[in-house]
Amino acid sequence: MNYYSTNGQVKDASLDEAVVKGLAADKGLFMPDIIKPLPYDFYENIDKLSFQEIAYQVADAFFGEDIPAETLKQIVYDTLNFDVPLVPVTGNIFSLELFHGPTLAFKDVGARFMARLLGYFIQKEGKKQVNVLVATSGDTGSAVANGFLGVEGIHVYVLYPKGKVSEIQEKQFTTLGQNITAIEVDGTFDDCQALVKAAFMDKELNDHLLLTSANSINVARFLPQAFYYFYAWAQYRKLGRMEEMVVCVPSGNFGNITAGLFAKKMGLPIKRFIAANNRNDIFYQYLQTGQYNPKPSVATIANAMDVGDPSNFARVLALYSGSYEAIKAEISGVAYTDGQIKETMKQVYQDDHYLLDPHGACGFRALAEGLMPEEVGVFLETAHPAKFLDTVQSIIGEAVEIPAKLQAFMKGDKQSIELSKEFADFKNYLMKQ
Ligand SMILES: *Cc1c(COP(=O)(O)O)cnc(C)c1O
């Protein structure tokens, strides 16, 4: 299958090229030429299939022409070695818990899949080492570092702002060793991101090292996120339910929700989507006005959604041929303040005994406020509440148990390279690798 760029200058790129480059040469995002609907049979029998079996069929629709069946199956099965349960919360609202992977966040799915797919292309074509650069304010770094750990032919550099990530987040990418290097930058997250961008633009550096990124602009990271929308439907069918679902996705860069839009295009019975935002409400404003006005991000307690210019907005536009009316017909939006997020977490914990994280809380609240009486809603619970320990504990006024997986990271020793925020220093360091 070939890929085109949302900026229209690049056509017929191969999967290999799209995955290795990440961004198209015209700075657009890669999109698959075809989105194949899955057959009637698949939907008829979906409740009898395992998560891995479902995911393989979805993966086959996108990647089957480019990767041998056995290899693709292996990649899917290795990626999904954890469950994504659909849990009833209250009334007609279900939580799709995406936080049972190694770093307890949904980004594990895309990061693990991308690592294995990239590893396959490197081995097959005898490419020289590929270097993944990733800037993180906390969660992306841990998912990418753990997803790529030990994958041959790939080295990962995680750049993070010194003193600005929690200890538990820091431990998840500074204690791994092997092919993972953590770089502690004396600056902010924006400085880290600027260093990564400058590195991709620097010709001398790119002649020396093969560089790529692992954020949701990469098709290999964002497409696999479609898998769990299908699995949500399978679990729902198993409960004997048939109604189309309303799906609510806590959104930042809009990679996760875009994967859901792909699933709907493949025939998954999703009635409509809700994009839940925090105070970074660029998409919500777009839905109100038809104008897309990116802004600098503001800090909130749902910090993985603190995005002022969602990178996958270009993909949403491409899916609906740029039609504001068509987008509005399938996706609605909400935006919540920190106060509203806290209120929801506290109330749902008290009334329904369900502990939400700040991101999932936006998703729950959107359904609680926006479902019609006859509708059934699923929100994506994108991270385990223990990842935001201080915030969550101060809101519910109780201690939260830290899962064993998270505790295990705390035992490791931190190893990192300290650098200034000057590009010259970063470049100098990379030129010596
Ligand atoms: C990354 C992230 C999001 C936002 O996902 P996008 O694909 O960027 O929209 C939401 N919640 C959590 C916990 C995240 O880590």
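Biologist: How far is an oxygen atom of the ligand from a polar backbone atom of phenylalanine 254?

Modeller: The separation is 2.9 Å. A polar contact is a pair of N or O atoms within 3.5 Å; within protein, one must be able to donate a hydrogen and the other to accept it, and residues adjacent in sequence count only if both atoms are side-chain atoms. The model is predicted: local features need pLDDT of at least 70, side-chain atom pairs count only at pLDDT 80 or more, and totals for chains, interfaces and linings use all residues. Residues are numbered from 1 along each chain as its sequence is written, and side-chain values use heavy atoms, with hydrogens and water left out.

Biologist: Which other residues have such short distances to the ligand?

Modeller: Among them is asparagine 256, where a polar backbone atom lies 2.9 Å from an oxygen atom of the ligand. For threonine 382, an N or O atom of the side chain is 2.8 Å from a nitrogen atom of the ligand. On its own the ligand has 380 Å² of accessible area, and the protein covers 97% of it; such areas come from the Shrake-Rupley method with a 1.4 Å probe, and for residues only the protein chains shown count as cover.

Biologist: How many residues surround the ligand, and which come nearest?

Modeller: There are 15, and Lys107, Gly252, Asn253, Phe254 and Thr382 come nearest; a residue is near a molecule or strand if one of its heavy atoms lies within 4 Å of it. The shell comprises 6 nonpolar, 7 polar and 2 charged residues. In this scheme Ala, Val, Leu, Ile, Met, Phe, Trp, Tyr, Cys and Pro count as nonpolar, Asp, Glu, Lys and Arg as charged, and the others, Gly among them, as polar.

Biologist: Where is asparagine 256 found, and is the residue buried or exposed?

Modeller: Asparagine 256 belongs to helix H12 (residues 255-265); helices (H or I, at least four residues) and strands (E, at least two) are DSSP runs, numbered from the N terminus. Asparagine 256 has a relative accessible area of 6% and is therefore buried; buried means under 20%, exposed over 50%, and partly exposed in between (1.4 Å probe, protein chains only). The side chain of asparagine 256 also makes a polar contact of 2.6 Å with the side chain of tyrosine 228.

Biologist: How should a pair of aromatic rings be described?

Modeller: The description uses the distance of the centres and the angle of the planes. Rings of Phe, Tyr and Trp (its six-membered ring) pair if their centres lie within 6.5 Å; planes under 30 degrees apart count as stacked, over 60 as edge-to-face and the rest as tilted. By this rule there are 22 aromatic pairs here. In one of them, the ring centres of tyrosine 286 and phenylalanine 313 are 5.0 Å apart and the planes stand at 75°, so the pair is edge-to-face. Tyrosine 286 lies in helix H13 (residues 282-289) and phenylalanine 313 in helix H14 (residues 313-319), so this pair ties together parts that are 27 residues apart in sequence. Both tyrosine 286 and phenylalanine 313 are buried. Elsewhere, ring pairs join Phe62, Phe63, Phe113, Phe222, Phe227 and Phe262 into a cluster.

Biologist: Which charged ends sit over the rings of tyrosine 56 and tyrosine 336?

Modeller: A charge sits over a ring if NZ of Lys or CZ of Arg is within 6 Å of the ring centre and within 35 degrees of the ring normal. Lysine 73 places its charged end 5.1 Å from the ring centre of tyrosine 56. Over tyrosine 336 there is the charged end of arginine 365, 5.3 Å from the ring centre.

Biologist: What is to be noted about threonine 300 in the loop between H13 and H14?

Modeller: Threonine 300 has 10% relative accessibility and so counts as buried. A polar atom of the threonine 300 side chain lies 3.1 Å from the backbone nitrogen of alanine 302. The side chain of threonine 300 also makes a polar contact of 2.7 Å with that of aspartate 306.

Biologist: Which sign does phi have in most residues other than glycine?

Modeller: Most such residues have a negative phi. Aspartate 12, although not a glycine, has a positive phi of about 60°. Aspartate 12 lies in the loop between strand S1 (3-5) and helix H1 (15-21) and, at 53% relative accessibility, counts as exposed. Glutamine 178, also not a glycine, has a positive phi of about 45°. Glutamine 178 is in the loop between helix H7 (167-174) and strand S7 (180-185), and is exposed with a relative accessible area of 62%.
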